[in-house]
Amino acid sequence: MHHALHSPRRSASVVLALVLAATVAAALAVGASARASRSNHRSKSRSHSVQKVVHGAGGLSITSQPWGTVPAHPPLNQALPASLYTLSNAHQMTVKITNYGGVVQSIWVPDRRGHVKDVALGFPDLQGYVTDFTNPPAGGSGDTYFGAIIGRYANRIANGKFALDAVYTLPQNNGPNTLHGGPDAYNTQVWNATPSAGPHSVSLKLTYTDPDGYNGFPGQVSNVVTYTLTQDNALHIDYSATTTKSTVINLTNHTYFNLAGEGSGDVFGQLLQINADSFTPTNANLIPTGQIVPVAGTPFDFRTLKPIGRDIHSAGAPEGNQLVLAHGFDHNWVLNGSGMKLAAVAEDPSSGRVLSTYTTEPGVQFYSGNFLVGDLVGPSGNTYRQSDGFTLETQHYPDSPNESTFPTTRLDPGQTFTSSTIYKFATAGGGHGHGH
Ligand code: BGC
């Protein structure tokens with residue numbers, strides 16, 4: 001190996017392969033005994049900036065690697081390096097997360113036969129995210145928010161205005177609305193990251209301080225988002241936030257799922273159940289009308305598992321033109337129950353992959369990837385077209401700051417906002433129930 005590395009006739013790809021091999025060797029050494037680590041000192045020092053490993057018990061690990069540089073943009077206006085973290089357990093699940101926007105870049109899970117695929121839409125490299133999140137080409141899919149942490153206010157605030165003790169005006173980045181915290185919001189920030197390993201899980205703790213007044217929101221907000229991969233193939237996302245002035249907060253994760261694998265086509269045949277008896281219909285700007293309407297007898301009835309595509313083309317009564325306005329499903333469901341509860345179950349009948357979503361939040365935005373138009377290419381090398389993925393964004397209802405009947409999104413100094421969501425994967429085999 002050393003010989004080849006020093007050969008003057010090596011090709012670039014051979015060098016890359018060898019450096020990768022050296023990296024893996026070094027990474028293994030870091031987690032092994034001190035003696036092994038010392039004997040690998042040379043290769044370790046050559047590649048120490050390439051990969052760092054924290055090993056947990058029983059096959060758990062979290063590694064990090066440099067992932068490029070995020071160009072300067074508000075509010076810090078400073079170019080910063082980003083990393084990609086790989087969380088793995090002993091049951092074939094791997095989640096890759098970058099501290100750029102806290103983006104979940106990929107989620108690898110087995111099907112009922114043990115075949116592992118990436119079920120999260122995304123990009124192969126940092127540049128893909130930076131372009132999509134900050135400068136998406138006109139006429140394309142626009143900002144997809146693939147996999148990202150969304151804040152300070154996930155979803156829409158009507159006309160970029162809300163009142164607390166005073167009236168606040170926000171930048172309008174979605175027609176007349178403020179969407180997902182406005183431009184250069186949480187999904188574009190480089191978060192501070194701390195990996196750790198416990199006996200039954202590995203975690204990545206991310207922190208970001210959102211300045212007072214940034215994007216028009218009052219109060220400096222200190223955010224902590226912790227991703228945890230457990231041995232039972234669950235990805236936990238725990239959010240907390242405090243503020244220096246009264247403000248509004250709504251945090252979510254914007255992963256698009258395709259349980260047959262990203263880039264494998266549309267999700268119309270995948271089954272979905274949402275634990276909700278009602279939803280919040282919207283106006284043409286996708287702002288809730290304020291009504292809470294029963295799903296019974298409408299295409300919004302996902303109370304039992306049904307194919308996502310079964311009713312998605314429905315244009316008329318009794319639910320009005322909701323699916324026309326949103327180009328499909330892009331609505332908030334009012335979840336049944338309180339505390340940590342089941343929000344949704346999704347299942348791909350062909351692979352048997354099952355995703356159960358649990359949350360402490362009162363709502364979930366089920367969005368059927370309506371605005372994907374085939375211009376974005378995922379890690380698979382395939383394009384993403386309309387409905388090639390779906391999101392289950394656990395959150396408070398859209399435009400809550402302007403709807404006094406919705407659960408409040410107000411956060412005052414001295415309070416701590418907390419929220420937890422679990423995306424748990426399993427497989428269902430030939431109608432024999434769920435397990436893994
Ligand atoms: C919104 C969609 C939007 C998508 C990507 C979702 O959370 O509900 O309307 O197109 O994010 O921006």
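The shell around the ligand in this predicted model divides into four nonpolar, two polar and three charged residues. The residues that surround the ligand are Asp143, Thr144, Tyr145, Leu286, Asp330, Gln365, Tyr367, Phe371 and Glu393. One of these, Tyr145, is also in contact with Asn187. The C-alpha atoms of Tyr145 and Asn187 are 7.1 Å apart, although the two residues are separated by 42 places in sequence.

Asn187 is located in the loop between strand E11 (178–179) and strand E12 (192–197). Asn187 counts as buried because 27 C-beta neighbours lie inside 10 Å, where 20 or more are required. Apart from neighbours within four places in sequence, the contacts of Asn187 comprise Gly101, Phe133, Tyr145, Ala148, Ile149, Ile150 and His180. Among these contacts, Phe133 falls within the residue range of helix H5 (residues 126–134).

Strand E12, which follows the loop of Asn187, is linked to E13 by a hairpin of three residues. The two strands run antiparallel and are joined by six bridges; within this pairing, Ser196 has Ser203 of E13 as its bridge partner. E13 (residues 201–210) is mostly covered, with seven of its ten residues buried. E13 also runs antiparallel to strand E14 (residues 221–230), to which ten bridges join it. In that pairing Leu206 stands opposite Val225 of E14.

An open sheet of six strands is formed in the order E1-E2-E3-E4-E5-E6, and its pairing is antiparallel. Strand E1 (52–55) and strand E6 (116–118) stand at the edges; each has a single partner strand, so one side of each is left without a neighbour in the sheet. From one strand to the next, the twist averages 20°. E1 is joined to strand E2 (residues 61–70) by four bridges in an antiparallel arrangement, with Thr63 in E2 as the bridge partner of Val53. Helix H5 (residues 126–134) lies across three strands of this sheet, namely E2, strand E3 (80–88) and strand E4 (94–98). The helix runs at about 55° to E2.

A further open sheet of six strands, likewise with antiparallel pairing, has the order E18-E29-E26-E23-E20-E21. Its edge strands are E18 (256–257) and E21 (293–294), each of which pairs on one side only. Within this sheet, strand E20 (residues 276–280) and strand E23 (residues 330–335) pair in the antiparallel sense over four bridges. Thr280 has Asn332 in E23 as its bridge partner. Strand E23, which spans residues 330–335, also includes Asp330, one of the residues that surround the ligand.

In the chain as a whole, six helices and 32 strands are present. Of its 436 residues, 47% count as buried. Among contacts between residues at least 6 apart in sequence, 64% join residues at least 24 apart; the pairing of Asn187 with Tyr145, 42 residues apart in sequence, is one contact between residues distant along the chain.

Key
Residues are numbered from 1 along each chain as its sequence is written. This is a predicted model: local features need pLDDT of at least 70, side-chain atom pairs count only at pLDDT 80 or more; totals for chains, interfaces and linings use all residues. Two strands pair if DSSP finds at least two bridges between them. A residue is buried if 20 or more other C-beta atoms lie within 10 Å of its own, exposed if 12 or fewer, and partly exposed in between; C-beta atoms are placed from the backbone. Two residues are in contact if their C-beta atoms, placed from the backbone, lie within 7 Å. A residue is near a molecule or strand if its C-beta atom, placed from the backbone, lies within 6 Å of it. Ala, Val, Leu, Ile, Met, Phe, Trp, Tyr, Cys and Pro count as nonpolar, Asp, Glu, Lys and Arg as charged, and the others, Gly among them, as polar. Axes are lines fitted to C-alpha atoms, for helices over the stretch in contact, and angles run from 0 to 180 degrees between N-to-C directions.
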